[in-house]
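User: Hey, got a minute to go through this one with me? I'd like to poke at a few spots.

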There are 2 protein chains.
Amino acid sequence: MLKISKLTDYGLLAAVYLARHNGEVASAREIAGFYHLPVPMVTKVLKMLHQSEVIESQRGVGGGYSFRGDAETVTLGYLIEALEGPWDLVECETTDDQGHAACAIRVACPSRRFMFGINRAVKGAFEQVTLGDLTRGVMPVAQIDKPMLSMRAESQL
Amino acid sequence: MLKISKLTDYGLLAAVYLARHNGEVASAREIAGFYHLPVPMVTKVLKMLHQSEVIESQRGVGGGYSFRGDAETVTLGYLIEALEGPWDLVECETTDDQGHAACAIRVACPSRRFMFGINRAVKGAFEQVTLGDLTRGVMPVAQIDKPMLSMRAESQL
DNA sequence: TGCATACCGTACCGGAGTGGTACTGTTTCG
DNA sequence: CGAAACAGTACCACTCCGGTACGGTATGCA
């Protein structure tokens, strides 16, 4: 199942809504109503976005959530990470809480090299789209630089 | 859960193995042994790849699967489509067997525009990597062309 | 000082998909 | 005929997703 969860989907929608109404306070009910989504779902993702310090929360009567800042500095990658949690396209690179690799044959695994590349390609694509792009309704088109082969993959990301 | 299934993972490995031994016949047992994977799993993905006409099968004693052809003409996107089935990053664009959209509020949905863009970006990235790249262990890096905004999204893919 | 509003946290449940196993054909070669 | 290997199907434990429910806490207002 290669797709983002609905929760993440809702989260992106909510982020776009708040970014479009920059500075204004909107309740979960208002956002849920606008997109015709269940309110409890929207409150969940709004809480997540708040915990990741993407948006601000204001409790009590007249409260709600608000986005303040520059939408261009928030990447899609960061949003997905906040909503989906740490993720990898393949388990090769995933580590548990002790930092141990999830894949037992990791070191000897013949696939790790190109899997790593794919993983990084997708993550890289997400890093190049900002919340501002989403707000404006940009249609990005991915392109891949092939020349970078056999580079030392272990170094970053 | 933004990741490819293990079955797809295995399938890519098997495809790479066969592409590296271009023309040679290899049994499921042999491939499974090489990657230390359960044999029944490998047979499953090999069958799928055969049904998608990526590889050839040969039954009976001494039989197995083989890849014959140009690895550069087989895209990663095609492989994933063969292994994962038709997929979309978001349900916006998914349709059932009658061709009806899975998303009820599709037409009025404010998110469809940029979701479509993300969807296409990821698929586009996969289309630009070939089986040959995987075989050589290429590490592709994705890049997104932003200028192409607000283009008519409905037209293709 | 209540009370309504709205965020916060947690727990729970049905359904779907994943990962894996088992078993029974069917084809081919020696 | 029998072993090797593909083909097809059924099954199951497990996890996660999508959604609901409920109680708690903070805030503003009458």
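**Chat about the model**

Analyst: Let's start with A:His36, which counts as exposed because it has 10 C-beta neighbours inside 10 Å. Bear in mind that this is a predicted model.

User: Where does A:His36 lie?

Analyst: A:His36 is in the loop between α2 and α3 of chain A. Its phi is near 60 degrees, which is a positive value in a residue other than glycine.

User: And what about the phi of B:Glu53?

Analyst: B:Glu53 is not a glycine, yet its phi is positive, about 60 degrees. This residue is found in the loop between α3 and β1 (56-58) of chain B.

User: Is B:Glu53 buried or exposed?

Analyst: Exposed: B:Glu53 has 9 C-beta neighbours inside 10 Å.

User: OK, let's zoom out. How many helices and strands does chain A have?

Analyst: Chain A has 6 helices and 3 strands. Their order from the N terminus is α-α-α-β-β-α-α-α-β.

User: What percentage of chain A is buried?

Analyst: Buried residues are 39% of the 157 residues in chain A. On the contact side, if you take pairs in chain A at least 6 apart in sequence, 66% of those contacts join residues at least 24 apart.

User: What's the average pLDDT for chain A?

Analyst: It averages 78 in chain A, and 70% of the residues score at least 70. Over residues 146-157 of chain A, pLDDT stays under 50. For that stretch the model has 16 contacts beyond four places in sequence.

User: Switching to helices. How far does α1(A) reach?

Analyst: α1(A) has 15 residues and goes 21 Å from its first C-alpha to its last, close to the 21 Å expected at 1.5 Å a residue.

User: Is α1(A) mostly covered or mostly open?

Analyst: Mostly covered, with 12 of the 15 residues of α1(A) buried. Among them are A:Thr8, A:Asp9, A:Tyr10 and A:Gly11, and the list also includes A:Ala14 and A:Ala15.

User: What do the buried residues of α1(A) pack against?

Analyst: Within chain A, they pack against α2 (28-35), α3, β2 (64-66), α4 (76-84) and α6 (131-136).

User: Which residues touch the most other members of the largest nonpolar core?

Analyst: That core has 77 residues, and the ones touching the most other members are A:Ala14, A:Ala15, A:Leu79, B:Ala14 and B:Ala15.

User: What does B:Ala15 touch?

Analyst: Leaving out residues up to four places away in sequence, B:Ala15 touches B:Leu49, B:Val54, B:Leu79 and B:Leu131.

User: While we're in chain B, is B:Ala32 buried or exposed?

Analyst: B:Ala32 counts as buried because it has 20 C-beta neighbours inside 10 Å, and a residue needs 20 or more to qualify. B:Ala32 sits in helix α2 of chain B. Beyond four places in sequence, B:Ala32 touches B:Leu37, B:Pro38, B:Val39 and B:Val42.

User: How far is B:Leu13 from B:Ala32?

Analyst: Their C-alpha atoms are separated by 9.8 Å, with the two residues 19 apart along the chain.

User: Now the DNA. Which residues come nearest to strand D?

Analyst: There are 24 residues around DNA strand D, and A:Ser5, A:Lys6, A:Pro38, A:Pro40 and A:Gly60 come nearest.

User: Which elements supply that surface?

Analyst: Chain A supplies at least two residues from each of α1 (6-20) and α3 (39-51), and chain B does so from each of α2 (28-35), α3 (39-51) and β2 (64-66). The largest share near DNA strand D, 3 residues, comes from α3(B). By class, the surface near DNA strand D has 9 nonpolar, 10 polar and 5 charged residues.

User: And which come nearest to strand C?

Analyst: For DNA strand C, A:Gly64, B:Ser5, B:Lys6, B:Pro38 and B:Gly60 come nearest, out of 24 residues around it. Elements giving two or more residues there are α2, α3 and β2 of chain A, plus α1 (6-20) and α3 of chain B. α3(A) gives the most to the surface near DNA strand C, with 3 residues.

User: One last residue: which helix is A:Lys44 in?

Analyst: A:Lys44 is in helix α3 of chain A. It is partly exposed, since 17 other C-beta atoms lie within 10 Å.

Notes. Residues are numbered from 1 along each chain as its sequence is written. Chains are lettered from A and ligands numbered from 1 in the order in which they are written. This is a predicted model: local features need pLDDT of at least 70, side-chain atom pairs count only at pLDDT 80 or more; totals for chains, interfaces and linings use all residues. A residue is near a molecule or strand if its C-beta atom, placed from the backbone, lies within 6 Å of it. Helices (H or I, at least four residues) and strands (E, at least two) are DSSP runs, numbered from the N terminus. Ala, Val, Leu, Ile, Met, Phe, Trp, Tyr, Cys and Pro count as nonpolar, Asp, Glu, Lys and Arg as charged, and the others, Gly among them, as polar. A nonpolar core is a set of buried Ala, Val, Leu, Ile, Met, Phe, Trp, Tyr and Cys residues joined through C-beta atoms within 7 Å. Two residues are in contact if their C-beta atoms, placed from the backbone, lie within 7 Å. The expected span of a helix is 1.5 Å times one less than its number of residues. pLDDT is the predictor's confidence in each residue, from 0 to 100.
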